[in-house]
Amino acid sequence: MATAQPSAVYTLRPGVPPLRAGQGTTFLFRKLHSLLGVIPIGAFLIEHLLSNFEALKGPAAYGAQVRFLNSLPLVRILEWTFIFLPLLYHGIYGVYIWLRGKSNLVYYPWSGNWMYTAQRYTGLIAILYIGQHVLRQRFLGVQLPEHPYAAFAKVQHELANPWMLAVYIIAMIAICWHFSYGIWLFAAKWGITPGVTARKRFGLACAALGLVLLVMGLASIWAFVGPNYKNAPEDATPAVSLFISPADVRGVSTGMAPSSQLAARS
Amino acid sequence: MANKSVAFEIKRQANPDAPAVWESFELEWRPSMNVVSAMMEIAANPVTADGRPTTPITYDCNCMEEICGSCAMRINGKARMACSALIDNLEQPIRIEPLSKFPLVRDLQVDRSVLFENLMAVKAWVPVDGTYDLGSGPRVFPQQQEANYPLSNCISCCCCMDVCPQFNEDTGFVGAATIAQVKLFNNHPTGKVFKEDRLRALAGDGGIQECGFAQNCVDTCPKQIPLTNAISDISRDVIIQKAKDFLRG
């Protein structure tokens, strides 16, 4: 009789580790990443796109907006605390999140999974774009904090390069997508929209917000490259007149009170 | 009527260290055939499509009515229960693989014990054991029962985990099933006693924060458990619990 072969003992691969209940710090870091994406980064994005929209009124109005922002108290501290450092953290931790996820879109090409993947690619586009944008527009070239009225011309020169224009348009689309889906994700993952219908409705609201921001953003780009303000002056500082305006002179000569006095009387 | 046949391609692996190989099988079509019944037929006559004798396929299965949770595997690329995978609804050749994220034992059999370790880590039970009769528990209102019933349907098949891009060895994510069970037991009037422990556990590494809301879990769940709703609700509870702990600390 043949002796029974001793059966081989195999060790299983370790597989996915179980939950480290209550241990570690990823909860804090991940929630910080999520929160910073909405406040202050998302809030700043809206501010930035609103400010850009001033470009449609021309170089002087745009310069005035840049001047206003740079005149905020403690502006350099605000800039670092609420823009640069949060952006840096959100970007670096975002890449870390991406690297730890294993996309399976090939097997499960479902809408949520598409959005999950799109959020990672649009985030990467945003990081690369914002990196060069901050470097070239904020730190290199004409210093806008000191020369706010040079802003329009500086951006116009940048967008004169068709490649750069394409980069700005692609980044505008990617960032508006990333932000609008980001706030949808925020609401879902912080338990603000725990219901399917609530998420659907909020999704429509986020899509609408994203579209509005995108249209505003693209319109501002148009202001720089379109026919309205071609060859903007390097310095768009408005001339300040020390003389009484002709309108007031005319008012006096015809015996009419200047409009300000009329308003005061009524 | 000429007999129709059904073609299968099944991924085989003799042991955890052996190389994976694909084997083709061809069976005669029968009404109401499903993937498990097909593999039972292969076991009765283990011969590949090209006439080569082979071993019966190893797989987990028990109830044949999508209630025991054993027979989860990837069929045509998607994780699902083999017993409810009717042959007539599948594109051929039907490709069958083991779940992708769990340690392989043999062929289609994988070790899914990580789910049970996760359920233990979050105390997914109602504590009623004791040395004397505790009497009847508090009353659960019908409205609460309605809300809990879908969550209680979980069959621990692990499909939600296999399809999750965040469930992997780097994150060690706990997965949707465990989070839904936390909601179920936190809703229970007696189970509630561990509510804070469960929420704190889920804030650990690999906890609820790793969810990327790709929503594959809820799309794939064979029991249609509202997994994303549970993740959203429990996320909020965990955040509030951590904030309370921080402020009281």
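**Chain contacts, domains and nonpolar cores**

In this predicted model, 39 residues of chain A are in contact with 47 residues of chain B. On the chain A side, the elements that supply two or more residues are α1 (26-53), α4 (111-139) and α6 (162-189). Of the contributions to this side, that of α1(A) is the largest, at 4 residues. Sorted by class, the chain A residues that touch chain B comprise 18 nonpolar, 14 polar and 7 charged.

Turning to chain B, the domain assignment divides this chain into domain 1 (5-110) and domain 2 (113-248). The C-alpha centres of these two domains of chain B are 31 Å apart. Contact between them involves 13 residues of domain 1 and 12 residues of domain 2. On the domain 1 side, strand β4 (residues 78-81) of chain B provides the largest share, 3 residues. The residues with which domain 1 of chain B touches domain 2 are 7 nonpolar, 3 polar and 3 charged.

A helix pair in chain B is also worth a look. Helix α5 (residues 176-187) and helix α8 (residues 227-248) of chain B have axes that come within 9 Å and cross at roughly 65°, and the crossing is left-handed. From α5(B), the residues taking part are Ala176(B), Ile179(B), Ala180(B), Val182(B) and Lys183(B), and they meet Leu227(B), Ala230(B), Ile231(B), Asp233(B) and Ile234(B) of α8(B). This contact is made up of 8 nonpolar and 2 charged residues, with no polar ones.

Some of these helix residues reappear in the largest nonpolar core, which has 93 residues. The members that touch the most others in this core are Cys160(B), Ile179(B), Ala180(B), Leu202(B) and Leu227(B). The element giving the most to the core belongs to chain A: α6(A), with 12 residues. Within chain B, domain 1 (5-110) and domain 2 (113-248) both contribute residues, so the core lies between them.

What does Ala180(B) contact beyond its neighbours within four places in sequence? With those neighbours left aside, Ala180(B) is in contact with Leu151(B), Cys154(B), Ile225(B), Leu227(B) and Ala230(B). Of these partners, Leu227(B) and Ala230(B) are also among the α8(B) residues that meet α5(B). A second core, separate from the one just described, has 15 residues, including Phe152(A), Ala153(A), Val155(A) and Ala223(A).

Note on methods:
Residues are numbered from 1 along each chain as its sequence is written. Chains are lettered from A and ligands numbered from 1 in the order in which they are written. This is a predicted model: local features need pLDDT of at least 70, side-chain atom pairs count only at pLDDT 80 or more; totals for chains, interfaces and linings use all residues. Axes are lines fitted to C-alpha atoms, for helices over the stretch in contact, and angles run from 0 to 180 degrees between N-to-C directions. A crossing is left-handed if the near helix is turned anticlockwise from the far one by less than a right angle, and right-handed if clockwise. Two residues are in contact if their C-beta atoms, placed from the backbone, lie within 7 Å. Ala, Val, Leu, Ile, Met, Phe, Trp, Tyr, Cys and Pro count as nonpolar, Asp, Glu, Lys and Arg as charged, and the others, Gly among them, as polar. Domain bounds come from an automatic or database domain assignment. A nonpolar core is a set of buried Ala, Val, Leu, Ile, Met, Phe, Trp, Tyr and Cys residues joined through C-beta atoms within 7 Å. A residue is buried if 20 or more other C-beta atoms lie within 10 Å of its own, exposed if 12 or fewer, and partly exposed in between; C-beta atoms are placed from the backbone.
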